[in-house]
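Please open the model in your viewer and keep the sequence panel beside it. The stops below are meant to be taken in order, with a selection to make at each one.

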Amino acid sequence: MNRVMILARLTMMENARKQVFHVVTLLTLTVVCASTLLSVFTLGVQVKILKDLCMTSILFCGGVLAVALASTAIPSETESRTCYPILARSVRRSEFVLGKYLGTLGTIYLGLLFIAGAFTVLLLSRQAFDVAMIVATGYVFLEVAVVAAIAVALSTCTTPAVAAMVSFLLYVAGMVKMAYFEPMIDGVHNPAAKALVVGFYHLLPNLESFNFKDALVHNVAVPAGYLAQVAIYGVCYASLVIVLASSVFARKEL
């Protein structure tokens with residue numbers, strides 16, 4: 001585990017220097033801070049718009065950073081051959097994948113914490129801070145972990161551009177899974193095609209289940225049992241994908 005944490009720390013330092021991290025984080029911070037211009041509305045409306053805008057910004061920032069950073073974490077090392085000295089030592093390939101994954105997550109979480117901090121300050125200034133905001137943000141972090149795991153897994157068997165594109169498409173599909181893909185299954189009558197669609201539907205991550213923005217905006221209480229179920233689902237899904245990524249990378253010729 002010490003080797004994994006060393007790799008994770010080095011990955012965080014490397015990702016923190018990438019322009020995409022700074023651009024996306026600063027752009028999201030600007031949008032969050034610009035919500036102070038909502039003073040033309042009444043306080044109740046201001047708070048609702050503020051929660052909606054800021055949570056949407058955090059979701060967008062987390063998804064974009066997960067795709068952009070995770071899809072290039074491993075390919076950048078293999079293409080520049082900087083991973084060879086590391087793997088030549090006593091570092092297992094599974095440890096290498098896990099270290100790159102955790103380091104990428106650490107970088108994304110660092111950016112999201114800055115944005116969530118600005119969001120908290122804005123809510124406190126309006127005396128509208130809600131504990132539900134911590135819960136909603138925490139599940140955004142879990143959603144990011146799932147998306148980053150998928151991007152890392154794809155990057156072990158494809159080029160960075162393909163991994164980023166497919167990861168983004170899966171991210172969008174996972175966000176609209178319940179709204180669009182479930183009705184689509186009922187409209188397919190061919191048995192073979194229906195089996196294919198059902199298989200893809202169950203393999204696709206249900207990212208909408210991590211989104212508690214509406215509950216936060218409208219002050220709707222979410223049952224603890226559902227929160228626990230979603231947390232277990234996210235951890236298990238991300239863990240399974242990382243295990244698959246480690247297996248693929250272990251068989252890859254470098």
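The expected span of a helix is 1.5 Å times one less than its number of residues, and helices here are DSSP runs (H or I, at least four residues), numbered from the N terminus. This is a predicted model, in which local features need pLDDT of at least 70 and side-chain atom pairs count only at pLDDT 80 or more, while totals for chains, interfaces and linings use all residues. Residues are numbered from 1 along each chain as its sequence is written, and side-chain values use heavy atoms, with hydrogens and water left out.

**Stop one: helix α11**

Select residues 224-250, which form helix α11. At 1.5 Å a residue its 27 residues should span 39 Å, and the end C-alpha atoms of α11 are indeed 39 Å apart, which agrees. Next, colour the buried residues (under 20% relative accessible area with a 1.4 Å probe, protein chains only; exposed is over 50%, partly exposed in between); in α11 these include L227, V230, G234 and Y237.

**Stop two: α11 against α5**

Add helix α5, residues 93-125. The two helices α5 and α11 pack at an angle of about 135°, with their axes 8 Å apart, where axes are lines fitted to C-alpha atoms, for helices over the stretch in contact, and angles run from 0 to 180 degrees between N-to-C directions. They are therefore oblique to each other, since angles under 35 degrees count as roughly parallel, over 145 as roughly antiparallel, 65 to 115 as roughly perpendicular and the rest as oblique. To see the contact (heavy atoms within 4.5 Å), show R93, S94, F96, V97, L98 and Y101 of α5 together with A238, I242, A245, S246, F249 and A250 of α11.

**Stop three: α2 beside α5**

Keep α5 and select helix α2, residues 19-34. What is the angle at which α2 and α5 pack? It is about 10°, with the axes 10 Å apart, and α2 and α5 are therefore roughly parallel to each other. Among the residues making this contact are F21 and T25 of α2 and F114 and I115 of α5.

**Stop four: T104 and α1**

Within α5, centre the view on T104, which is buried, with a relative accessible area of 0%. Leaving aside its neighbours within four places in sequence, T104 is in contact with T11, N15, L69, A70 and A73. T11 and N15 are also among the buried residues of α1, along with V4, L7 and A8. By contrast, M5, also in α1, is partly exposed, with a relative accessible area of 42%.
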